[in-house]
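Biologist: Hey, got a minute to go through a structure with me? I'd like to talk about the helix and the charged pairs.

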Amino acid sequence: MQKVTLTKSLKKILVNHARINSPNESSAILFGVNNNDNAIVKEVYLAENIEKSPVRFTISNEQLIDAYRTAERKKMDVIAIFHSHPASSAVPSSTDKKFMKVNPVVWIIYSVSAEEFRSYVLDNEVQEILTEFL
Ligand SMILES: [Zn+2]
């Protein structure tokens with residue numbers, strides 16, 4: 001995977017979700033298609049951070065199951081996980097890196113303070129990929 005693509009309207013939804021949940025982290029599950037080396041996001045499923053923490057996030061099993069079922073019904077795949085960092089840069093924390101091993105999809109992080117999106121994949125090591133907005 002080399003690039004993740006989102007529309008500007010999906011970007012707006014995610015920024016809004018992150019701002020509303022600040023100072024806690026927010027999260028979302030992103031549906032779409034993987035086209036060669038490009039993950040194309042088509043829809044976002046806004047999830048609740050049940051930890052209500054400014055430095056961690058957890059999505060409930062119920063919401064995870066519902067998200068996967070919704071994606072399947074819409075004939076899409078879960079291609080990325082989104083979460084926000086309210087007060088730090090859009091770089092994976094050590095906890096994020098640990099969970100990237102469990103969820104090997106594209107990880108998109110939005111820094112509320114820096115107003116910046118950055119995306120990563122785990123490929124032996126954590127690698128940053130391009131985040132594109134159309
Ligand atoms: Zn994080």
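Biologist: Which residues are exposed on the other side of α1, away from the buried ones?

Modeller: Those are K8, K12 and I20. Bear in mind that we're looking at a predicted model.

Biologist: OK, and which residues of α1 are buried?

Modeller: L10, L14, V15, H17 and A18 are buried. They sit on the same side of α1, because the arc they cover around the axis is only 160 degrees.

Biologist: Why would residues that aren't neighbours in sequence point the same way?

Modeller: An α-helix has 3.6 residues a turn, so residues three or four places apart end up pointing the same way.

Biologist: What do the buried residues of α1 pack against?

Modeller: Strands: they pack against β1, β2 (27-35), β3 (38-47), β4 (77-85), β5 (106-111) and β6 (116-123).

Biologist: How many residues does α1 have, and how far does it reach?

Modeller: α1 runs over residues 8-21, so to speak 14 residues, and spans 20 Å from its first C-alpha to its last. That is close to the 20 Å expected at 1.5 Å a residue.

Biologist: Switching to charges. How many salt bridges are there?

Modeller: The structure holds five. One of them is between the side chains of E132 and K3, at 3.4 Å from N to O. That pair links distant parts of the chain: E132 is in strand β7 (residues 125-133) and K3 is in strand β1 (residues 3-6), 129 residues apart.

Biologist: Where do E132 and K3 fall, buried or exposed?

Modeller: In between. E132 counts as partly exposed because its relative accessibility is 22%, and K3 counts as partly exposed at 24%. Buried would need under 20%.

Biologist: And what does K52 pair with?

Modeller: K52 forms a salt bridge with E48, and their closest N and O atoms are 3.1 Å apart. K52 is exposed, with a relative accessible area of 52%, while E48 is partly exposed at 41%.

Biologist: Why is K52 called exposed at 52%?

Modeller: The cut-off for exposed is over 50%, so K52 at 52% makes it.

Biologist: Last one: which residue does R56 meet in a salt bridge?

Modeller: R56 meets E51, side chain to side chain, with 2.8 Å from N to O. R56 is partly exposed at 40% relative accessibility, and E51 is partly exposed too, with a relative accessible area of 29%.

Definitions and conventions:
Residues are numbered from 1 along each chain as its sequence is written. This is a predicted model: local features need pLDDT of at least 70, side-chain atom pairs count only at pLDDT 80 or more; totals for chains, interfaces and linings use all residues. Side-chain values use heavy atoms; hydrogens and water are left out. A salt bridge is a side-chain nitrogen of Lys or Arg within 4 Å of a carboxyl oxygen of Asp or Glu. Helices (H or I, at least four residues) and strands (E, at least two) are DSSP runs, numbered from the N terminus. Buried means under 20% relative accessible area, exposed over 50%, partly exposed in between (1.4 Å probe, protein chains only). The expected span of a helix is 1.5 Å times one less than its number of residues. The arc is that of the directions from the helix axis to the C-beta atoms. Contact means heavy atoms within 4.5 Å.
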